[in-house]
Amino acid sequence: MTQPIAIDAHFDSGNIELLRQSGDTLTLAIHQDQDSDFFQWFHFRATGIAGRTITLRITNLEASAYPGGWPHYRACVSTDRRLWTRADTTYSAAEDGGTLTITYKAESNIAWFAYFTPYSMERHHDLIGEMAAQPGFAYRCLGHSLDGQSIDCLEVGEGPLEVWLYARQHPGESMAEWWMEGALEALADPANPHARLLRQRCRFHIVPNANPDGSVRGHLRTNAVGVNLNREWHEPSPERSPEVLAIRNAMDDTGVDFAMDVHGDEAIAAVFMAGFDGIPSLRPGQQAGYDRYIELLDRRTPDFQTRLGYPKAPAGKANLTMSTNQLAERFGAVAMTLEMPFKEHDPLPDTLQGWSAERSMRLGEDCIAALAEWVHDVPASA
């Protein structure tokens, strides 16, 4: 007896609604972030599909947060939630308000589909526990989210340079926490010479998930009350953005010399960096420090490039609500925003996985190694 196809998204970071079904064709829609117009993240499973070729139509996507993210995008799929590959996917802007069509020939009776490889809160807690137990690492809770979740911070190193790494202000950008896992594993590796140097010269403060509420709820861009945390850094509040308030208060206590805010970009099919162009109070050597890190990272890994990226803000026109600009202005920090693709990585494509969790982790390792070279050029007394 043929088992009926079922769609389920009632789990950590799940997001989808089944609108209708006709045979092996299912028409779906993504829920908006709570109290927000943003939507783009999806994560669901299909069961009863063994031996079938199913067609999944996700509709109304011209109204999504970034319609430019859908052309040439391929959905992520897994049958075991360990290996995630890319499914055959097409996009039509004219069909049902913009329709992403995923075609999948199923061998297993169950498969999970997602906008990018998910990073669950269970894995997050495993990461925090594992790293907090490593020699030299310390854990502290910086505060709590609106849903009462901890804003977890890991600290390591004995040096004078204050380094802050933080990710997933936008919770649907799950590649950012995969990057964090790679960076943390590099720093914890006793055989890694880059980590040894960095732990001598720096004090690291690492927030792997700055928006746990949005992560659990299956949001793309906002927290529990629909607030984009990366537009709150000028004036965070307990009512709207306690996550940013907790992190920024901790930064005020330590100061910030170097900061990296880790993200994913929906439209640009490459890894790139955005700096603090246009801040009002540029300090001597600040821009040179940023340029030097970009040069080192570009030399270290071909997964990074400088040709594609965001437009630069004119002098004095930086948006100080965003963390990178706020930290560069507030502390004179060498601050930056790292962006990774949801799409294929066009400079070095991978037809099986596209840009992946595994490559995000490797990039985390490369960013740590580049930072070690950067720190080597900074006077030890800094």
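Visitor: Which residues in H7 do Arg248, Met251 and Asp252 in H5 meet?
Guide: This is a predicted model. The contact links helix H5 (residues 242-254) with helix H7 (residues 323-331). On the H5 side stand Arg248, Met251 and Asp252. Their partners in H7 are Leu327, Arg330 and Phe331.

Visitor: How many nonpolar, polar and charged residues has the contact of H5 with H7?
Guide: Sort the six names by class. Met251, Leu327 and Phe331 fall in the nonpolar class, and Arg248, Asp252 and Arg330 in the charged one. The count is 3 nonpolar, no polar and 3 charged residues.

Visitor: Are H5 and H7 roughly parallel or roughly antiparallel to each other?
Guide: Their axes come within 12 Å and cross at roughly 25 degrees. H5 passes H7 in a right-handed crossing. Angles under 35 degrees count as roughly parallel. Therefore H5 and H7 are roughly parallel.

Visitor: How do H2 and H8 stand to each other, and what word describes the pair?
Guide: The axes of H2 and helix H8 (residues 357-376) come within 7 Å. They cross at roughly 45 degrees. That angle is outside the ranges for roughly parallel, roughly antiparallel and roughly perpendicular, so the remaining class applies. H2 and H8 are therefore oblique.

Visitor: What is the make-up, by class, of the contact of H2 with H8?
Guide: H2 passes H8 in a right-handed crossing. From H2 the contact takes in Met175, Trp178, Trp179, Glu181, Gly182, Ala183, Glu185, Ala186 and Leu187. From H8 it takes in Ala357, Ser360, Met361, Leu363, Gly364, Glu365, Cys367 and Ile368. By class, that gives 11 nonpolar, 3 polar and 3 charged residues.

Visitor: Is arginine 168 buried or exposed?
Guide: Arginine 168 lies in the loop between strand E13 (161-167) and helix H2 (175-188). Its phi is positive, about 60 degrees, although it is not a glycine. Its relative accessibility is 3%, and the limit for burial is under 20%, so arginine 168 counts as buried.

Visitor: And is aspartate 35 buried or exposed?
Guide: Aspartate 35 is also not a glycine, and has a positive phi of about 55 degrees. Its loop runs between strand E3 (25-29) and strand E4 (43-47). The relative accessible area is 56%, and over 50% is the cut-off, so aspartate 35 is exposed.

Visitor: How many residues of strand E15 are buried?
Guide: Take strand E15 (residues 258-265) face by face. One side holds Phe258, Met260, Val262 and Gly264, all buried. The other side holds Ala259, Asp261, His263 and Asp265, also all buried. The count is 8 of 8.

Visitor: Which residue in E17 is the bridge partner of valine 262?
Guide: E15 pairs with E13 in the parallel sense over 5 bridges. There, leucine 165 stands opposite methionine 260. E15 also pairs with strand E17 (residues 334-341), in the parallel sense over 8 bridges. In E17, the partner of valine 262 is leucine 338.

Visitor: Which side chains of strand E8 point to one face and are buried?
Guide: In a regular strand, side chains alternate between the two faces of the sheet. Strand E8 (residues 88-92) shows the alternation. Asp88, Thr90 and Ser92 point to one face and are not buried. Buried on the other face are Thr89 and Tyr91.

Visitor: Which residue takes a positive phi in the hairpin of E8 and E9?
Guide: E8 and strand E9 (residues 99-105) run antiparallel, joined by 5 bridges. In E9, aspartate 88 has threonine 103 as its bridge partner, and threonine 90 has threonine 101. The hairpin has 6 residues between the strands. The residue with a positive phi, near 50 degrees, is aspartate 96.

Visitor: Which strands stand at the edges of the sheet with mixed pairing?
Guide: This open sheet has 5 strands in the order E2-E3-E5-E9-E8. Neighbouring strands are turned by 20 degrees against each other on average, direction ignored. An edge strand has a single partner, so one of its sides is left without a neighbour in the sheet. The edge strands are E2 (17-22) and E8.

Visitor: Which strands stand at the edges of the antiparallel sheet?
Guide: The order of this open sheet is E1-E4-E10-E6-E7. Inside it, E4 and strand E10 (residues 110-114) pair over 5 bridges, with threonine 47 bridged to isoleucine 110. The strands with a single partner each are E1 (6-8) and E7 (85-86).

Technical notes. Residues are numbered from 1 along each chain as its sequence is written. This is a predicted model: local features need pLDDT of at least 70, side-chain atom pairs count only at pLDDT 80 or more; totals for chains, interfaces and linings use all residues. Side-chain values use heavy atoms; hydrogens and water are left out. Helices (H or I, at least four residues) and strands (E, at least two) are DSSP runs, numbered from the N terminus. Buried means under 20% relative accessible area, exposed over 50%, partly exposed in between (1.4 Å probe, protein chains only). Two strands pair if DSSP finds at least two bridges between them. Axes are lines fitted to C-alpha atoms, for helices over the stretch in contact, and angles run from 0 to 180 degrees between N-to-C directions. Angles under 35 degrees count as roughly parallel, over 145 as roughly antiparallel, 65 to 115 as roughly perpendicular and the rest as oblique. A crossing is left-handed if the near helix is turned anticlockwise from the far one by less than a right angle, and right-handed if clockwise. Contact means heavy atoms within 4.5 Å.
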